[in-house]
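Thanks for coming, everyone. Please take a look at the model on the screen, and I'll walk you through it.

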Amino acid sequence: MASSITPPLVAMVIFLLASNAYVKETLAAGECGKTPLNVAAASLSPCAGAAQNAKVKVPPACCSRIQTLLTNSPKCLCAVFLSPLVKQTGINLAIAITVPKRCNIKNRPAGKKCGKYVLP
């Protein structure tokens, strides 16, 4: 199965996730509990393709991690979407916020604001 993600973009995402020592960590007021925001963001790496293109099927690993994140710390998902790490990878927030719905997660925070967007 061909992917619509370009190799340079994949390399950039992997580099940014692997080099979190160089990425300024944002505490995000504890939205992710004891988990640092950059670690929570890196845990969603299987979602990268689906967060950049609404036509890409969301991988089961992504849906599982989104479900876990929403169960353990619902505010964390929005904090991750708005984090500097995610912004540096070029993730499109307007598409990224559709991932929980595309995963058919029943107890997602639909209708909640995440930056200037509302979660579907």
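What is the mean pLDDT of the protein, and what share of its residues reach 70 or more? The mean is 80, and 76% of the residues get to 70 or more. Keep that in mind, as this is a predicted model.

Confidence varies by element. Helix H1, residues 7-18, has the lowest, with a mean of 54. Helix H8, residues 99-102, has the highest, at 94. Then there is the stretch over residues 19-29, where the pLDDT is below 50. In the model, this stretch has 10 contacts beyond near neighbours in sequence.

Now the overall layout. We have 8 helices and 2 strands. Along the sequence the order is α-α-α-α-α-α-α-α-β-β, with the helices ahead of the strands. The protein has 120 residues, and 38% of them count as buried. Its accessible surface is about 7100 Å². Carbon and sulfur atoms hold 61% of that surface.

What about contacts along the chain? Take the contacts with a separation of 6 or more. Of these, 61% join residues 24 or more positions apart.

Let's go inside. The largest nonpolar core has 31 residues. Which of them touch the most other members? Ile66 and Val80 do. Several elements give two or more residues to this core: helix H2 (37-43), helix H3 (48-52), helix H4 (60-72), H5, H6 and helix H7 (93-96). H5 supplies the largest share, 6 residues.

Val80 deserves a closer look. It is part of helix H5, residues 74-81. Is Val80 buried or exposed? Val80 is buried, because its relative accessibility is 2%, and the cut-off for buried is under 20%. Setting aside neighbours within four places in sequence, what does Val80 contact? The list is Cys32, Leu37, Ala40, Ala41, Leu44 and Val86. Glu31 is another residue to look at from here. Val80 and Glu31 are 49 residues apart along the chain, and their C-alpha atoms are separated by 9.0 Å.

Next, move a little further along the chain. Ser83 sits in the loop between H5 and helix H6, residues 84-89. Ser83 has a relative accessible area of 3%, so it is buried. Leaving out residues up to four places away in sequence, Ser83 touches Leu37 and Ala41. Both names should sound familiar: Leu37 and Ala41 are also among the contacts of Val80.

On to Ala96, in helix H7. With a relative accessible area of 1%, Ala96 is buried too. Beyond neighbours within four places in sequence, Ala96 is in contact with Ala51, Phe81 and Ile91. How far apart are Ala96 and Ala51 in sequence and in space? They are 45 residues apart in sequence, but 4.1 Å apart from C-alpha to C-alpha.

Last stop: how H4 and H5 pack. Their axes come within 4 Å and cross at roughly 120°. Why is H4 called oblique to H5? It is the crossing angle that makes H4 oblique to H5, because roughly perpendicular covers 65 to 115 degrees and roughly antiparallel starts over 145. On the H4 side, the contact is made by Ile66, Leu69, Leu70 and Asn72. On the H5 side, the residues are Pro74, Cys76 and Leu77. Ile66 comes up again here, having been named with Val80 for touching the most other core members.

That's my tour. Over to you for questions.

Note on methods:
Residues numbered from 1 in each chain as written. Predicted model: local features only at pLDDT ≥ 70, side-chain atom pairs only at ≥ 80, totals over all residues. Heavy atoms only, no water. Buried < 20%, exposed > 50% of the residue type's maximum accessible area, 1.4 Å probe, protein only. Contact = heavy atoms within 4.5 Å. Areas by Shrake-Rupley, 256 points an atom, 1.4 Å probe, with all protein chains shown as cover. pLDDT = per-residue confidence, 0-100. Core = buried A, V, L, I, M, F, W, Y, C linked by side-chain atoms within 4.5 Å. Axes fitted to C-alpha atoms, helices over the stretch in contact; angles between N-to-C directions. Parallel < 35°, antiparallel > 145°, perpendicular 65-115°, else oblique.
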